[in-house]
Amino acid sequence: MSYARVLCVGLRGVDGQVVEVEADLSQGLPAVVLTGLPDAALNEARDRVRAAVTNSGEAWPNRRITVNLLPAALPKHGSAFDLAIAAALLAGAGDLPLDALDGVVVLGELGLDGAVRSVRGVLPMVAAAARAGLTRVIVPLENAREATVVPGVTVSAVDSLRRFVAFVRDREPLLEPPPLDETPPPSGPDLADVAGQQMGRYGLEVAAAGGHHMALIGAPGAGKTMLAERLPSILPELDDEAALEVTALQSVAGVLPRDGRLIRRPPFQAPHHTASAAALVGGGSNVVRPGALSLAHRGVLFLDEAAEIPSASLQALRQPLETGRVVLARARGTTEFPARVQLVLAANPCPCANPAGDQYCVCSPVVRRRYLSKLSGPLLDRIDIRLNLAPLSAAQLTTATAPATSSAEIAKRVAKARGAAAQRWSAGGGWRVNAEVPGPVLRRAPWRLPLADTTDLRASLDKGLLSARGFDRVLRLAWTISDLDGRERPARAEVNEAIQLRMGDNRG
Ligand SMILES: [Zn+2]
């Protein structure tokens, strides 16, 4: 036999596709030729595979070896093809009968010593194999746990080429994936720790219940970060589909914990305001990696010091926030990552950022206005809730009051409110949360509110205090507040509360 074929998976973004690794050995000058759009890493694969094969006690076939990866149109990158390439060329040389690999997907990087090393993106690769109807995979031992979260796939683990060859040639056993870690994951920060800040806590609850983007404006020390990082703790857990997406993104980014669990908590990402556009939305020239925006998919993207973010980065965020997807164009094709996030912005009210707040601010009114206006357009336009947070006084922090309500309690209220909203919109456009409902739907029957209940809202519009878009945002917020209160529909009190949450007129 001088030809062999082994199955592997290539990734574009988080989308996997089954790849056939073919090896053909012919007479001629000994050489290895890789075809099928291999990138630089694949060319390095040639050297790794050769060293690994000889260091595992196998004979290197001294013939002309052509390795081809199909389909040719799929850009292939990374080192996950090493093990499949080694298997194909040993089989092509006639040294390895491949019956044991019939219908089996083989993933893994080879070290020069013949060790099988972990690779990024094993979870989406195995998921792609499963979708293609392939139910058996062999993966690096270190990645075996994440592979086992894909339902309906039998996972075997391997730590060396020697063990792999012994399995293929003599059916000696491979390794079992390590058992899943049963200890509950550590719980994140809890709202029970946030003293005072009534309005901030309430705004967070409304944001969670309606899926509203929010902005927190306040001097340093007002607790903006403390509030923002607790938003995931009151959001519902991710369902199976979302959990797979989120876990796959972390796998591709190489930041997935090795405990082999699906991620059930909505993620939280807080990129620094100096982060590059690539760090925010994803990038890389050869292998494209997801950025903070995609790592926050189905969770919370927190942009602190938002007024300091360079406008190039703000621009890069604009389109993905609109569409829920990041599209990265490269010479060899485009890569897409999902990016549906709940946005929390935080900013100081002015450039001087005096911790005491307004009292000692040295900025002129013009400077103050200009400072935050930079955010309008790309970001502030998308914000439903705008909270002005007063600095916490020592009295607030030290006065003994009843302990604050815990995240678990608030999460129950949030879940109930979300349930009511989902049920209401299921018949209409199928929106899951109030933040997704288009304004016109809220302004016409059957969801239009009685005139008497929108008196103050219409007055705000007429006086120019609210834009037409702001008018719709207030309506959405009013529905969320009403859902949290367990009401049929918002009345005047809920609408007026929504105006306050929208306009930031909510000190105290
Ligand atoms: Zn100032």
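Visitor: How many helices and strands does the secondary structure of the protein come to?

Guide: Keep in mind that this is a predicted model. Its C-alpha atoms fill a box of roughly 85 × 45 × 45 Å along the principal axes. The secondary structure comes to 18 helices and 18 strands.

Visitor: What percentage of the 508 residues is buried?

Guide: Here a residue is called buried if 20 or more other C-beta atoms lie within 10 Å of its own. By that cut-off, the buried share of the 508 residues is 46%.

Visitor: Is strand 10 enclosed or open, and which residues sit on each side of it?

Guide: Five of the five residues in strand 10 (residues 214-218) are buried, so the rest of the structure largely encloses it. In a regular strand the side chains alternate between the two faces of the sheet. Both faces of strand 10 are covered here, with Ala215 and Ile217 on one side and, on the other, Met214, Leu216 and Gly218.

Visitor: Which strands pair with strand 10, and in which sense?

Guide: One partner is strand 17 (residues 342-347), parallel to strand 10 over four bridges, and there Ala215 stands opposite Leu345. On the Met214 side of the pairing list, Met214 stands opposite Ile385. That residue belongs to strand 18, which is joined to strand 10 by five bridges and runs parallel to it. So the partners are strand 17 and strand 18, each in the parallel sense.

Visitor: Where does the largest nonpolar core lie?

Guide: This core has 144 residues, and Cys8, Ala87, Val106, Leu107 and Leu345 touch the most other members. Its largest share, nine residues, comes from helix 2 (residues 82-92). Domain 1 (3-170) and domain 2 (191-401) both contribute residues, so the core lies between domain 1 and domain 2.

Visitor: How many residues of helix 2 are buried?

Guide: The buried residues include Asp82 as well as Leu83, Ile85 and Leu90. Right after the helix comes Gly94, with a positive phi near 90°. Helix 2 is mostly covered, and its buried count is eleven of eleven.

Visitor: How far apart are the end C-alpha atoms of helix 11?

Guide: Helix 11 (residues 311-323) has 13 residues, which at 1.5 Å a residue should span 18 Å. The distance in the model agrees with that: 19 Å.

Visitor: What covers the buried residues of helix 11?

Guide: The buried residues are Ser313, Ala316, Leu317, Pro320 and Leu321. An α-helix has 3.6 residues a turn, so residues three or four places apart point the same way. The cover for the buried residues of helix 11 includes helix 9 (277-281), helix 10 (292-295), strand 15 (325-330) and strand 17.

Visitor: Arg298 and Glu305 have positive phi; is each one buried or partly exposed?

Guide: Most residues other than glycine have a negative phi, and most peptide bonds are trans. Phi is near 70° for Arg298 and near 50° for Glu305. Arg298 has 21 other C-beta atoms within 10 Å, so Arg298 is buried. Glu305 has 16 within 10 Å, so Glu305 is partly exposed.

Visitor: Which residues does a cis peptide bond join, with omega about 0°?

Guide: One cis bond leads from Ala445 to Pro446, in the loop between helix 15 (439-443) and helix 16 (455-462). Another involves Pro71, in the loop between strand 4 (64-70) and helix 2. That bond, with omega about 0°, joins Leu70 and Pro71.

Key. Residues numbered from 1 in each chain as written. Predicted model: local features only at pLDDT ≥ 70, side-chain atom pairs only at ≥ 80, totals over all residues. Buried ≥ 20, exposed ≤ 12 C-beta atoms within 10 Å, placed from the backbone. Helix = DSSP H or I, 4+ residues; strand = E, 2+ residues; numbered from the N terminus. Pairing = 2+ DSSP bridges. Core = buried A, V, L, I, M, F, W, Y, C linked by C-beta atoms within 7 Å. Domains from an automatic or database assignment. Expected span 1.5 Å × (residues − 1). Contact = placed C-beta atoms within 7 Å.
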